[in-house]
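Hello,

Here is the structure we talked about handing over. My notes on it follow below.

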Amino acid sequence: TTYSEPFRGQFHFSSQSGWMNDPNGLVYANGEYHFFYQHNPHGLAWDTMHWGHATSTDLVHWTQKPIAMEPGVQPGTLFSGGGVVDRDNTSGLKTDSLDPIVVFSNTDGVSVYYSNDNGQSFQAYDKGRKVVTVPDGVTSRDPKVTWDAARHRWVMVFWSDEGGNGVSVYTSTNLTDWTFASRYHAPWLFECPDLFPLPLDGDTSRQKWILTTASSQYVVGDFDGTTFTTDQSTPQTMVNGDFYAAETFTDTPDGATVQMGWQRGNQGSTWTGDASFPVDLGLVSTPDGPRITRTPVSSLASLATSPQTWTNEKVTASGNLLSGVQADTYEITAQFDVKNTTAKQFGFDLHARSDGSADRTVLYDTAAQTLYGHPLKPRNGKVTMRLLVDRGQLEIFADDGLYSVADTVNFDSSADSQGIRLYTTGGSVKLTTATFTRLNTSWG
Ligand code: FRU
């Protein structure tokens with residue numbers, strides 16, 4: 001494929017062909033980011049879960065690799081799981097000069113699989129024997145492992161229904177012998193948990209731990225090496241829209257916590273499902289407590305061409321500052337001063353046509369204080385939004401990353417559907433600054 005089909009993401013990863021769901025085994029190893037994923041190579045629907053594989057040096061340009069794990073070849077049910085690089089050979093599984101990639105999968109217990117050829121082929125550890133078992137009748141899946149630097153050991157979380165929805169925590173010094181540590185119960189915990197540390201307000205001496213789940217709900221707390229605790233009684237939602245089963249990369253070169261999720265809605269002629277654009281996660285103090293921020297990784301800029309900027313303009317219902325722009329895949333950043341606005345709504349029509357129609361509308365509602373239907377309060381009298389527009393996906397970031405939306409939109413990329421309208425309803429608003437940037441394809 002040339003990745004040029006209708007609705008095919010140009011700067012979002014999708015499987016070259018077949019079905020994709022959850023990101024798996026996200027790890028930076030041997031100089032590359034590895035993106036494995038739940039994959040059915042035989043059709044466009046969920047079935048016969050394999051682990052697909054792609055690599056990248058910058059999180060933006062991806063190279064499709066052969067299938068990494070295949071049911072029947074690797075033992076076990078190859079459902080979702082995490083991965084680590086065993087640089088210090090704590091597992092003793094290293095046989096080559098490359099650092100081993102060790103991944104975790106299977107259901108109703110956990111099996112270990114490892115690769116000494118940078119993810120091209122995987123062996124099952126001890127014939128796929130479950131290194132963690134669960135009681136009969138208990139359903140469990142989705143093990144995720146990270147390095148606990150303070151305790152110098154690995155920590156695993158997985159979802160199970162033992163005694164109700166919750167996460168089991170295990171620890172290990174060698175990735176193959178695991179010791180039960182604790183269980184954390186919450187009704188909202190279901191599938192694909194992730195547990196990782198983040199510095200609060202960038203201060204590494206104030207580290208918090210985040211427990212998150214498939215639907216991107218999360219709580220911020222502490223982890224003492226055994227038990228996760230939090231004083232947050234209700235989880236927050238990290239991302240609204242079509243976003244599920246995200247994982248964070250382990251062992252990134254700069255220590256960044258990079259997250260990618262699954263967007264299920266997009267189906268083309270040869271593939272189904274996309275990855276969300278990778279983001280750097282941060283943690284900031286707010287009056288309501290610590291909250292996650294999401295910021296698209298900076299290497300997106302490598303696709304950017306010919307930025308156009310507008311400053312201090314009045315936006316009205318009828319004018320359109322962007323009337324000269326025609327674009328297929330792009331990014332818009334815009335800041336509006338809402339202190340004296342008379343507009344009821346302001347924002348953008350995306351992939352607009354001359355007959356007045358558009359494929360998607362992104363408006364800020366000044367009375368409801370919502371952007372695209374989701375709460376967004378002005379900050380210092382300003383509303384700032386960043387839109388990433390790809391052929392099958394729309395992602396919106398605002399409020400310094402505290403607000404994020406991932407959506408599936410089948411944008412029409414034909415030449416007469418590439419307009420952008422910047423407009424208001426019910427009055428005018430001051431545009432402080434806006435930048436439009438065309439984004440080139442990341443494929444090929
Ligand atoms: C989440 C999920 C996981 C499971 C995988 C199977 O989307 O249901 O819990 O491991 O998909 O493909």
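**Notes on the sheet, the domains and the ligand**

Leu387 has Ile396 of strand 31 opposite it. The model is a predicted one, and that pair is a place to begin reading the sheet. Strand 30 (residues 382–389) and strand 31 (residues 393–398) run antiparallel and are joined by five bridges. Both belong to an open sheet of seven strands with mixed pairing, in the order 18-32-31-30-25-34-24. The edges are taken by strand 18 and strand 24 (304–315); each has a single partner strand, so one side of each has no neighbour in the sheet.

On the domains: the assignment splits the protein into domain 1 (18–296) and domain 2 (301–439). Their centres, taken over C-alpha atoms, are 33 Å apart. Domain 1 puts 20 residues into the contact and domain 2 puts in 16. On the domain 1 side, strand 18 (240–241), strand 20 (258–267) and strand 23 (289–296) each provide at least two residues. Strand 23 gives the most, with five residues. By type, that side of domain 1 has five nonpolar, 10 polar and five charged residues.

On the ligand: 13 residues surround it, and Gln38, Phe79, Ser80, Glu191 and Ala245 come nearest. Strand 1 (18–29), strand 9 (140–148) and strand 19 (244–248) each contribute at least two residues to this shell. Six residues of the shell are nonpolar, three are polar and four are charged.

Regards

Technical notes:
Residues are numbered from 1 along each chain as its sequence is written. This is a predicted model: local features need pLDDT of at least 70, side-chain atom pairs count only at pLDDT 80 or more; totals for chains, interfaces and linings use all residues. A residue is near a molecule or strand if its C-beta atom, placed from the backbone, lies within 6 Å of it. Helices (H or I, at least four residues) and strands (E, at least two) are DSSP runs, numbered from the N terminus. Ala, Val, Leu, Ile, Met, Phe, Trp, Tyr, Cys and Pro count as nonpolar, Asp, Glu, Lys and Arg as charged, and the others, Gly among them, as polar. Domain bounds come from an automatic or database domain assignment. Two residues are in contact if their C-beta atoms, placed from the backbone, lie within 7 Å. Two strands pair if DSSP finds at least two bridges between them.
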